[in-house]
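Here is a short set of exercises to work through with the model open beside you. Try each task before reading its solution.

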Amino acid sequence: MELLYFSVAFVCGFIILQLRLPPLIGFLAAGFILNAAGYQSTPILEQIAALGVTLLLFSIGLKLKVKSLTKPYVWGPSTIHLIITSLLFSGIMLGFGAFGLPMFIDLNFETALLVGFALSFSSTVFAVKVLEQRGEMSSIHGKLSIGILVMQDVFAVLFLAISTGKVPNIWALGLLILLPLLRPLLYKILNKSEHGELLPLFGFFFALLVGYQAFEFAGLKGDLGALIIGMMFASHKKAGELAKSLLNFKDLMLVGFFLTIGLNAHLSMEAAIAALLIVLILPLKVALYYLMTNIFRLRARTSLLNSFTLSNFSEFGLIVCALAATSGWISGEWLAVMAIAVSLTFIIASPINTHSNELYVKIEHWLLKHERAVRLEVEQPMSLFQAKILIFGMGRIGAGAYETIAQRYPTSVAGVDINSDSVRRHQERGRHVIMADATDPDFWTRVNHSQVEMVMLAMPKHIQNLTALEQLKAAGFDGQVSAIANYPDQQIELDKLGVQTTYNFYLEAGSGFGEHVTETLFKKEET
């Protein structure tokens with residue numbers, strides 16, 4: 001049965017991908033198609049979905065620093081937004097009930113507030129998938145979105161503890177004391193796991209056993225445990241490698257998660273109408289995200305992209321409604337309402353996020369009028385050090401190119417990267433590197449680029465290089481452009497867009513290695 005489900009998911013995901021939309025829309029559609037055909041979710045599929053979500057939270061933790069949650073522009077907007085949205089949505093739903101609309105007429109203030117609270121959350125699964133596909137997990141708006149979602153997870157844990165009567169037991173105190181003490185030992189185990197097949201097994205063990213099961217045993221939410229254990233390893237040098245080793249496992253299991261949303265929905269005309277009405281008020285939630293982050297002195301683009309990333313309802317709403325239905329607070333049909341609403345917002349938000357930069361450009365002039373005059377330090381104007389060569393993406397390839405150029409022209413090259421930790425490491429080595437988003441349409445307005453003659457696009461995601469190339473053209477840049485690609489078809493696409501030089505990393509890395517060895521031998525022979 002699961003083989004059939006995943007086969008249908010592949011077909012639907014493949015069709016959607018050909019339409020230049022994220023495959024997860026196809027996975028959601030597959031769940032509803034199977035549901036309409038009379039199929040239901042299975043225990044194995046539910047377990048696969050649960051494993052996917054747990055691995056997702058563990059992977060988020062690997063990329064998340066605790067100090068990022070202490071920033072006012074993270075906890076402030078998330079807290080205020082949750083309170084306002086819960087009250088606003090509950091009031092609107094009571095208004096629907098006053099007009100005698102089905103499903104809403106049976107809600108009282110308490111149950112309406114409960115559903116409003118469920119609708120105030122945004123989907124962690126969706127947000128991470130979108131940010132990973134665009135390569136923006138380390139961007140300012142990406143970190144902001146993840147920080148807000150983690151704060152929402154904290155509120156979720158508090159709600160579940162109160163509503164279910166499940167409180168932490170004495171073992172929770174033991175975990176609080178033991179985990180920091182065991183951290184050096186855990187780091188040593190990670191170092192000894194090296195780089196092979198043992199590394200993903202390490203991730204499974206600590207995410208599912210040490211994280212999920214240990215926290216459940218202590219009376220805490222298991223998924224929160226996976227997140228916290230991941231955060232413990234975030235500062236380790238192999239955290240990124242560990243996350244990559246789990247990537248394919250996590251993505252495959254999350255297909256099961258998207259399938260279960262459609263398979264578990266009990267469709268009815270009343271539930272569909274109620275879901276559509278709820279989706280119609282989604283823009284209010286998105287607007288509040290923008291307003292709250294803008295108040296905390298973030299740039300218009302950062303606030304807008306963060307709002308787009310969070311422009312959906314959350315799978316947590318399904319958990320709240322299932323709990324409320326089990327307790328008899330609301331009817332079981334509300335689970336179907338929430339499933340349909342979550343799915344519809346995923347479908348709506350996917351193309352919006354795919355074209356987020358284009359949408360920003362179209363309304364930029366209006367947004368800038370209402371942007372705060374005083375900005376956060378991380379979004380202040382910056383200097384390119386009078387560089388003539390600019391490298392976007394200071395990973396292994398970008399850093400290697402920087403060093404090669406700097407040996408001959410040390411004052412003529414500068415790097416740009418969205419990862420603050422990476423920028424700090426490069427600056428400590430004396431390199432001219434600034435933190436910025438190459439896909440940001442406002443980038444060229446924040447720097448003096450009159451001296452730049454060449455741009456090298458060395459970012460790991462092909463979509464990032466394409467978007468940056470679009471911004472270069474929009475800014476009227478007429479210098480030389482070179483870019484990296486992972487596959488020949490990507491090289492062809494870059495060539496058609498006017499890139500003068502392309503470098504296929506996989507095909508040319510070997511030849512570059514050979515040239516290096518040949519050059520070394522030649523020098524030895526000369527001496």
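**Exercise 1.** Find how strand E5 pairs with strand E6, and in which sense.

*Solution.* Start with E5 (residues 480–485) and E6 (residues 501–504), which pair in the parallel sense over 4 bridges. Two strands count as paired if DSSP finds at least two bridges between them; helices (H or I, at least four residues) and strands (E, at least two) are DSSP runs, numbered from the N terminus. Next, pick out one pair: alanine 485 has asparagine 504 in E6 as its bridge partner. Then follow the chain from E5 through helix H21 (residues 488–496) to E6; this β-α-β crossover is right-handed, meaning that, with the strands pointing away from the viewer, the path from the first strand over the helix to the second runs clockwise. Now turn to strand E4 (residues 454–457), which runs parallel to E5 and is joined to it by 4 bridges. Here valine 455 has valine 481 in E5 as its bridge partner. Finally, check the cover: 5 of the 6 residues of E5 are buried, that is, under 20% relative accessible area (exposed is over 50%, partly exposed in between; 1.4 Å probe, protein chains only).

A word on the model: it is predicted, so local features need pLDDT of at least 70 and side-chain atom pairs count only at pLDDT 80 or more, while totals for chains, interfaces and linings use all residues. Residues are numbered from 1 along each chain as its sequence is written, and side-chain values use heavy atoms, with hydrogens and water left out.

**Exercise 2.** Work out why helix H6 is described as largely enclosed, and look at what lies at its ends.

*Solution.* Count first: 10 of the 11 residues of H6 (residues 124–134) are buried, so the rest of the structure largely encloses this helix. Among the buried ones are Phe126, Lys129, Glu132 and Arg134. At the N-terminal end, serine 123 acts as a cap, with a side-chain oxygen 3.0 Å from the backbone nitrogen of phenylalanine 126. Just after H6, glycine 135 has a positive phi of about 65°.

**Exercise 3.** Methionine 103 and arginine 297 both have a positive phi without being glycine. Is each buried, partly exposed or exposed?

*Solution.* Take methionine 103, with phi of about 75°, in the loop between helix H4 (72–98) and helix H5 (109–119). Its relative accessibility is 8%, so methionine 103 is buried. Arginine 297, with phi of about 70°, sits in the loop between helix H13 (282–295) and helix H14 (300–309). At 32% relative accessibility, arginine 297 is partly exposed.

Methods:
A polar contact is a pair of N or O atoms within 3.5 Å; within protein, one must be able to donate a hydrogen and the other to accept it, and residues adjacent in sequence count only if both atoms are side-chain atoms.
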